[in-house]
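Q: Please take one part of this structure and look at it closely. Start from a single residue and work outward through whatever surrounds it.

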Amino acid sequence: MEIVNVLVAALVAFGLGAVWYMALANPWKAASGVKCDADGNPEGGQSPMLFGFTFVMQLVVAGMMRHVFASSGIDSVGSGLLSGAGIGLFFIAPWVAINNAYGMRPPMLTIIDGGYAVLACAMMGVVLTLF
């Protein structure tokens, strides 16, 4: 059953990313410095391989979170939500902030990407503790 939890958690985070980045597409493009064509789409488009890679990375995160939750006895929805949000807020978002600072990216990029990390990990935490 754990593999189902991990797959569903990754799917939820992946879907949430689609909604998050569609809603914040213009601020993200401005903050990231991605070059866009006349229609406002990233030049060269986005390869399906990029989306596949993204989903695989979501699986890696969800799998490790499941392991950490099992090892730590995190088994309620509330503790999954809090622990997932903590992973996003205190592990992933700071790492994003460091990378963006060295890349001389605007703070808004860290807010957008870090905010997604917090929300996605929180939702993964919920899913991982539902089953």
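A: The answer starts at a lysine and moves out to the helices around it.

The model is predicted, so local features need pLDDT of at least 70 and side-chain atom pairs count only at pLDDT 80 or more, while totals for chains, interfaces and linings use all residues. Residues are numbered from 1 along each chain as its sequence is written, and side-chain values use heavy atoms, with hydrogens and water left out.

Lys29 sits in helix H2, residues 25–32. Helices here are DSSP runs of H or I, at least four residues long, numbered from the N terminus. Lys29 is buried and makes no salt bridge. Buried means under 20% relative accessible area, exposed means over 50%, and partly exposed lies in between (1.4 Å probe, protein chains only). A salt bridge needs a side-chain nitrogen of Lys or Arg within 4 Å of a carboxyl oxygen of Asp or Glu. Lys and Arg count as positive, Asp and Glu as negative; His and the chain ends are not counted. The nearest side chain of opposite charge to Lys29 is Asp37, at 7.4 Å.

What does Lys29 touch, leaving aside its neighbours within four places in sequence? Its contacts are Val34, Cys36 and Gly40. Contact means heavy atoms within 4.5 Å.

Cys36 is partly exposed, with a relative accessible area of 28%. Cys121 is buried, at 3%. The structure holds zero disulfides. The cut-off for one is a pair of cysteine sulfur atoms within 2.5 Å.

Back to H2. Lys29 shares its buried state with Ala31 and Ser32. The buried residues of H2 pack against H5. Just after H2, Gly33 takes a positive phi of about 80°.

H5 also serves helix H1. The cover over the buried residues of H1 includes helix H3 (48–72) and helix H5 (107–130). H1 runs over residues 2–23, which is 22 residues. Its first and last C-alpha atoms are 31 Å apart, close to the 32 Å expected at 1.5 Å a residue. The expected span is 1.5 Å times one less than the number of residues. Buried in H1 are Asn5, Val6, Ala9, Ala10, Ala13 and Gly17. They cover an arc of only 125° around the axis, so they lie on the same side of H1. The arc is taken over the directions from the helix axis to the C-beta atoms. An α-helix has 3.6 residues a turn, so residues three or four places apart point the same way. On the face of H1 turned away from its buried side, Leu11, Val19, Met22 and Ala23 are exposed.

Now H3. Phe69 belongs to this helix. Phe69 is buried, with a relative accessible area of 3%. Not counting residues up to four places away in sequence, it touches Ile74, Gly80, Ser83, Gly84, Ile87, Gly125, Leu128 and Thr129. Phe69 and Ser83 are 14 residues apart along the chain, and their C-alpha atoms are separated by 8.3 Å.

Last comes the loop between H4 and H5, which holds Met104. Met104 is exposed, at 75% relative accessibility. Its phi is positive, about 55°, although Met104 is not a glycine.

Terms used
Helices (H or I, at least four residues) and strands (E, at least two) are DSSP runs, numbered from the N terminus.
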